[in-house]
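Grab a pencil and your favourite viewer, and let's work through a few exercises together. Each one sets a task and then walks through a solution.

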Amino acid sequence: MRFDATITYPAPADRVAAMLADPEYVRRKVAASGATNPSQDITGDAAGDFTVSTTRTMPADLIPERYRKFVPGGVTMTFVETWSAPASDGARTGTLTLTIAGAPAKAAGTSTLRPTGQGCELSYTGDVKVRLPIVGASIESAAVRAVERAMSVEREVGLEWLGEA
């Protein structure tokens with residue numbers, strides 16, 4: 001199942017890239033998502049290529065109620081964003097992967113950060129795949145809703161962070 005999410009920020013792309021690579025921002029957005037047991041690893045920096053990897057346990061309410069009995073302690077996810085160095089106009093491209101521990105489910109896609117006249121746009125596009133007969137589509141749909149919810153939280157935290165920086 002396809003997902004597309006775009007966040008607009010009233011700040012230049014280089015400033016948003018610095019935010020995305022900032023350990024405090026990453027900590028805040030993961031905490032705001034309702035996650036428990038978070039960990040993060042950031043390699044590189046916003047001046048060039050960088051990768052942000054987070055692992056977190058999300059509440060079981062992310063998945064349809066009839067499947068929650070299979071994940072009573074929540075859903076542990078690892079999300080990896082890899083970003084290129086900026087182009088001459090400040091734009092960046094990247095890849096993203098999301099894996100769920102113990103489940104035949106994953107998401108993969110691309111990300112872009114591009115300047116606009118009023119700031120920049122951060123976009124994520126990709127596919128969620130759940131390899132379970134019969135129930136896979138409903139879990140994929142729930143995963144896409146979770147991505148949309150996470151993007152809303154990420155935007156709120158990002159706007160707050162940019163306002164403080």
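**Exercise 1. Work out how strands E5 and E6 are joined, then place the pair in the sheet.**

Start with the pair itself: E5 (residues 92-100) and E6 (residues 105-116) run antiparallel and are joined by 8 bridges. Keep in mind that this is a predicted model.

Next, pick out one of the bridges: glycine 94 has serine 111 in E6 as its bridge partner.

Now zoom out. The sheet is open, has 7 strands with antiparallel pairing, and follows the order E1-E7-E6-E5-E4-E3-E2. At its edges sit E1 (2-9) and E2 (36-44), each of which pairs on one side only. On average, neighbouring strands are turned by 15 degrees against each other, direction ignored.

To finish, set the sheet in the whole chain. There are 3 helices and 7 strands, and from the N terminus on they run β-α-α-β-β-β-β-β-β-α.

**Exercise 2. Decide how helix H1 sits on the sheet and which of its residues are buried.**

First, list the buried residues of H1 (residues 13-20): Ala13, Val16, Ala17, Met19 and Leu20. Looking down the axis of H1, you find them within an arc of 155 degrees, so they line one face of the helix. That spacing fits a general rule: an α-helix has 3.6 residues a turn, so residues three or four places apart point the same way.

Then check the packing partners. H1 packs on the sheet and touches E1, E3 (50-58), E4 (75-83), E5, E6 and E7 (119-130), with its direction at about 145 degrees to that of E6.

Now follow one residue. Beyond its neighbours within four places in sequence, valine 16 contacts Tyr9, Ala11, Leu113, Cys120 and Leu162.

Last, look at the largest nonpolar core, which has 35 residues. The members that touch the most others are Tyr9, Val16, Met19, Leu20, Tyr25, Leu113 and Leu122.

**Exercise 3. Trace helix H2 from its start to just past its end.**

Begin at the start of H2, where a side-chain oxygen of aspartate 22 comes within 2.8 Å of the backbone nitrogen of glutamate 24.

Moving along, the buried residues of H2 are Tyr25, Val26, Lys29 and Val30. Down the axis of H2 they fall within an arc of 130 degrees, so this helix too has them lining one face. As for the sheet, H2 lies across E1, E2, E3 and E4, and runs at about 150 degrees to E2.

Is alanine 31 buried or partly exposed? This residue belongs to H2 (residues 23-32), and its relative accessibility of 46% makes it partly exposed, because burial would need a value under 20%. The C-alpha atoms of alanine 31 and valine 157 are 9.9 Å apart, with the two positions 126 residues apart along the chain.

Just after H2, glycine 34 has a positive phi of about 90 degrees.

**Exercise 4. Find a residue whose phi goes against the usual sign.**

Start from the general expectation: most residues other than glycine have a negative phi. Now go to asparagine 37, which is not a glycine and yet has a positive phi of about 50 degrees. This asparagine 37 lies in E2. With a relative accessible area of 61%, asparagine 37 is exposed.

**Exercise 5. Compare the surroundings of threonine 57 and alanine 105.**

Take threonine 57 first. It is in E3 and is buried, at 9% relative accessible area. Its side chain makes a polar contact of 3.0 Å with the side chain of threonine 76.

Turn to alanine 105, which is in E6 and is buried as well, at 13% relative accessible area. Apart from neighbours within four places in sequence, alanine 105 contacts Thr99, Ile100, Lys129 and Val130. For valine 130, the C-alpha to C-alpha separation from alanine 105 is 4.3 Å, although the two are 25 residues apart in sequence.

Finish with the chain as a whole. Of its 165 residues, 41% count as buried. Among contacts between residues at least 6 apart in sequence, 54% join residues at least 24 apart.

Technical notes:
Residues numbered from 1 in each chain as written. Predicted model: local features only at pLDDT ≥ 70, side-chain atom pairs only at ≥ 80, totals over all residues. Heavy atoms only, no water. Core = buried A, V, L, I, M, F, W, Y, C linked by side-chain atoms within 4.5 Å. Buried < 20%, exposed > 50% of the residue type's maximum accessible area, 1.4 Å probe, protein only. Contact = heavy atoms within 4.5 Å. Helix = DSSP H or I, 4+ residues; strand = E, 2+ residues; numbered from the N terminus. Arc of directions from axis to C-beta. Polar contact = N/O pair within 3.5 Å; in protein donor to acceptor, adjacent residues only side chain to side chain. Pairing = 2+ DSSP bridges. Axes fitted to C-alpha atoms, helices over the stretch in contact; angles between N-to-C directions.
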